[in-house]
Structures are given as structure tokens and as C-alpha cells.
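Welcome, and thanks for stopping by. Could we walk through this structure together, one question at a time?

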Amino acid sequence: MVAAVVLGLTGSASAVSPSPFGPTPPHNPYAGPDGTATMHGDTGSSDTSPLAGPGAGALSSSRTALASACPTVLVGADGYPVALCTPIFGQVPTVHLLDPDDGSSLATLKLAKGSLLGGVYAYIDHQDRLVVADGSRSLLRVGHHQDGDGGWSLAVDRRLSLASVIPEDDAVTGLSPDWDGRVWFATGGGVVGTADDTTGAVRALALPAGERVANSISTAPEGTAVTTTHATYLLTAPDGTPEVLWRTAYDRGSARKPGLLSWGSGSTPTFFGPAGGTEYVAIVDNADAAANLKVYRTADGSDICSVPVLRAANGPGSENSPVGVGRSVFVAGTYGYPYPAVPEGAGPAVPASADFAGGLSRVDVRADGSGCSLVWDNTLRSAAVPKLSTADGLLRTVVRDPLIPGTRGTGLLDPYRYVEIDPGSGRVTRSMKVGVGSLYDTVQMAGTIAPDGAYLQGTVTGVLRVTAK
């Protein structure tokens, strides 16, 4: 068994060498490039990228001010970033086409307003279109087009109503394509469905009453993984109608914790595995005493392990999807993070608030699949969803440092740093301050490595761009 190594921000290196970074989940033929097609990199939500980040040497950063929170920054095969943002004023979801050279906005398109999470999850398809569900309960494919004079515009290239299966008071939370080209979606109210916008067929299944879907969903050749506020599911749809292959409940705790956006797991389920990249599914539960990494066999939902994580930081909660690759899983803690808003119906947090604990843990599944071992556990305060590059072997994120070193509180003048982390030890190997104050708050949103190596990170007011000088 691998012994746990507890580290601080720059703790000593673990004697354990990192497991091979691969394979990642197989490429989905109906999604854009792996690493940039979804908020979590690929349709398996591995939070990995085959692209290398900013090169060696000095770093620089710039901020594109969009007066909007921009949780989703994706890049298609043509290299143009597309950001899905929610403006501070009016909160009408808006798509931005960004200049790949400097991050400036080239074109915008407003979408119908829906729920808080309705303007978060989307993906880039195999034709570089943004696939998103808007507030009218419609599935949209948004394309970007250049005219003869070089100007850019955004337009809805295809639209399909989902209103026949989604109640008027419900909204799509997550969506992802399967290997047959259908778009799977899940709503906050627990409706899971498939949509084929070439035939117009829409079919759905209602999950048990009281189970809500507060995060996105993940797809792999074996099926579609959905984690509700009570359980994780694997679903298939041989004839287009969703059916449950397995359901595994987890400990959802006695209430929503501060720093989480729902009463239950904060995870988009992560497919990973050492052979084909999808043998396992990972989430983090919401148990009262500790947050536990749960790993299941994709084939039947049976348990591989349940491992307490984030113990060094003493912060029992994570709103972030785990990073998964090969046999390794990385979990970032969000307990106590001060979100500007929580979704309607999230319920009160218990306690009402807490200091931001943070924490980052690595867990490896044993080679024989008999269980898991904690490799390292540190106190890093990640303020974003970490991403792992399989090209350069580094974890990347933005951390929120306390204004007063050594404390755990948060405030409007907190400094934010871009950091690179050695996944073998948990040590920070390079960092750069990107800004001070709430304009730079990354609110646990996911970063994306662009094809040119730039690290694109959404904030509450726009998009950060970190590059090598």
C-alpha cells in the first residue's frame, strides 16, 4: 500500500513516482478536440488535456474584461475560443467568439435566459459549433461564421425544442454527445433524455422523485454517467430511450455544506482507467465528517474504493469534478468557498459559512483493482477546477491566497495566482500572481489549455489568458 504524504504548499516530494498519464477516455467522434471540447476537457470529463501549457521561462497574463462570469471557455478544431458567459447585469447568457491571439471578443450572441446553471455547461461539436440548451428549453448549435470582409458573427445553425419532455419549471443542467451522435441531457429536476436534432426525436426518463442533477453529465462508449444529489447512474439508450444500467447511492450528508452548490455530490462524474480510459467512474460524496472519493467499476457500478480526501486542509467538501487519468485521481476542495450566488432550491448551508479550506489530494487505484491508496494530500487553495496536461505532465489551476498569510479567511482584496503543480508530489513548481481583488475571482471555474499553449481561465468578470513571454 502506498503511504500518504501530507504536504503544504511547497512540501517535500513524495517517494512515489507518478503513474503513467494515460490512457485518457477515447475521443468522441461527435465532439471537438479532446482537452478543449468540454468544460472538463472531453466527454468523459477527465479534466485532462493532450496539449502542453505555457512554455518554460517567464510568464505573462492579460484579462479580457467582459463584465460577465465566464465558466465555459472551449476551443474547436479551428483554434477559435468560444466562451459561454453570464453578464453581471441582466444575467442573460451570452456567447463570445474570442480572438485566439489576444483573447478579445470578436462577436457575441445572446441566448434565452434560464436557470443559474443553464448558462454553464455546453460543448463544442465535431463541426466547431457550441452545443447548448437555452432558457426556452431548446437545444442549440451555435456556429461562428466569417464574412467576405473578415468580420465574424455568431448564429444559431440548428435548434430543437426539448419542451415535450422538460416541464416548464425545469431546465437543462448538463449535456454531452454519445457515440451515436445523439445529445444526452439532464435537467435540474431529474429528467434524463436523448435528443437527435437530425430526426427531431426526443426521448426521456424521469429519475426518482427528489433526486436533482446539479452538475454536468459524462459520456463514454459504455454509457452516460449522471450523478444526482443522491446517487450515481450509468444509463444507455439502445433505441434512443434512456434506461438505467446501474444505480449506486452515496452518502449525501445531512445538509448542503458551505462551498458547495447543492445538497449532495458536487461532482460531474469522471471516467478514467488504466487500460481503455473508461473502466472506472469517480465522484466525491458529501458525507458529514469527511469528503470521500468514490470509485466504481463502469461495467456494473460495484465499488472499487471509498477514500477520505482533503484531510490535510480539514475541508470536507468538493464542488469540483475529479481529475482522472490512468490509475490516478486528483480532488480539489472547495469547502467554504464564497460563491456570489447559489442555485435556486440549493437549500441552506450547514454551517451557514466557513473559512475557505481548499486542499488537493491524489489517490491511485491499485494495479490489481482491489482498492485505492492516498498518495499525497496538501493544503493548496485551488480556486478553479485543476487541469492535467498529458503532454507536459503538469497540473494547472488558479489559487486564492489569503490577504493575511497564514489565515484561511477570504475577502475582496485576496490575491490570485496561476500555479503549475507536480502531480507526482503535489508541489507547486511555478507560479505567477495574476491579479488582486474580486475582478480576478475564478469561482471554481475550469481552465482550458489552448492549442498555442495559452491557459484560458474564466473569472467573474471575463477571461484570463496566461502565456509564456
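What follows is a short conversation about some strands, a loop residue and a few salt bridges.

Me: What kind of model is this, and how are the residues numbered?
Reply: This is a predicted model, in which local features need pLDDT of at least 70, side-chain atom pairs count only at pLDDT 80 or more, and totals for chains, interfaces and linings use all residues. Side-chain values use heavy atoms, with hydrogens and water left out, and residues are numbered from 1 along each chain as its sequence is written.

Me: Let's begin with strand E34. Which residue in E34 is the bridge partner of Gly447?
Reply: Strands here are DSSP runs of at least two residues, labelled E and numbered from the N terminus. Two strands pair if DSSP finds at least two bridges between them, and E33 (residues 445–449) pairs with E34 in the antiparallel sense over 3 bridges. In E34, the partner of Gly447 is Gln457.

Me: Are the residues of E34 (455–458) buried or exposed?
Reply: Buried means under 20% relative accessible area, exposed over 50%, and partly exposed in between, using a 1.4 Å probe and protein chains only. Tyr455 and Gln457 point one way from the strand, while Leu456 and Gly458 point the other way. On both sides, these residues are buried.

Me: And on to E35: which residue there stands opposite Gly458?
Reply: A hairpin of 3 residues joins E34 to E35. E34 and E35 (residues 462–468) pair in the antiparallel sense over 4 bridges. Opposite Gly458 stands Val463.

Me: Gln444 caught my eye. Which backbone oxygen does its side chain reach?
Reply: Gln444 lies in the loop between strand E32 (428–436) and E33, and Gln444 is buried, with a relative accessible area of 7%. A polar contact is a pair of N or O atoms within 3.5 Å; within protein, one must be able to donate a hydrogen and the other to accept it, and residues adjacent in sequence count only if both atoms are side-chain atoms. The side chain of Gln444 reaches the backbone nitrogen of Ala384 at 3.5 Å. At 2.9 Å, it reaches the backbone oxygen of Ser382.

Me: Which strands stand at the edges of the open sheet E16-E17-E18-E19, and why is one side of each left without a neighbour?
Reply: The 4 strands of this open sheet follow that order with antiparallel pairing. Each edge strand has a single partner strand, so one side of each is left without a neighbour in the sheet. Those edge strands are E16 (218–220) and E19 (243–249).

Me: How many salt bridges does the structure hold?
Reply: A salt bridge is a side-chain nitrogen of Lys or Arg within 4 Å of a carboxyl oxygen of Asp or Glu. One example is Arg182 with Asp180, where the closest N and O atoms are 3.2 Å apart. Asp125, Arg129, Arg141, Arg158 and Asp197 are linked in a network of salt bridges. The total is 16.

Me: How many residues apart in sequence are the parts that Glu420 and Arg396 tie together?
Reply: Glu420 forms a salt bridge with Arg396, with the closest N and O atoms 3.5 Å apart. Glu420 lies in strand E31 (residues 415–421) and Arg396 in strand E30 (residues 395–400), so the pair ties together parts of the chain at a distance in sequence. Glu420 is buried at 3% relative accessible area, and Arg396 is buried at 0%. The separation is 24 residues.
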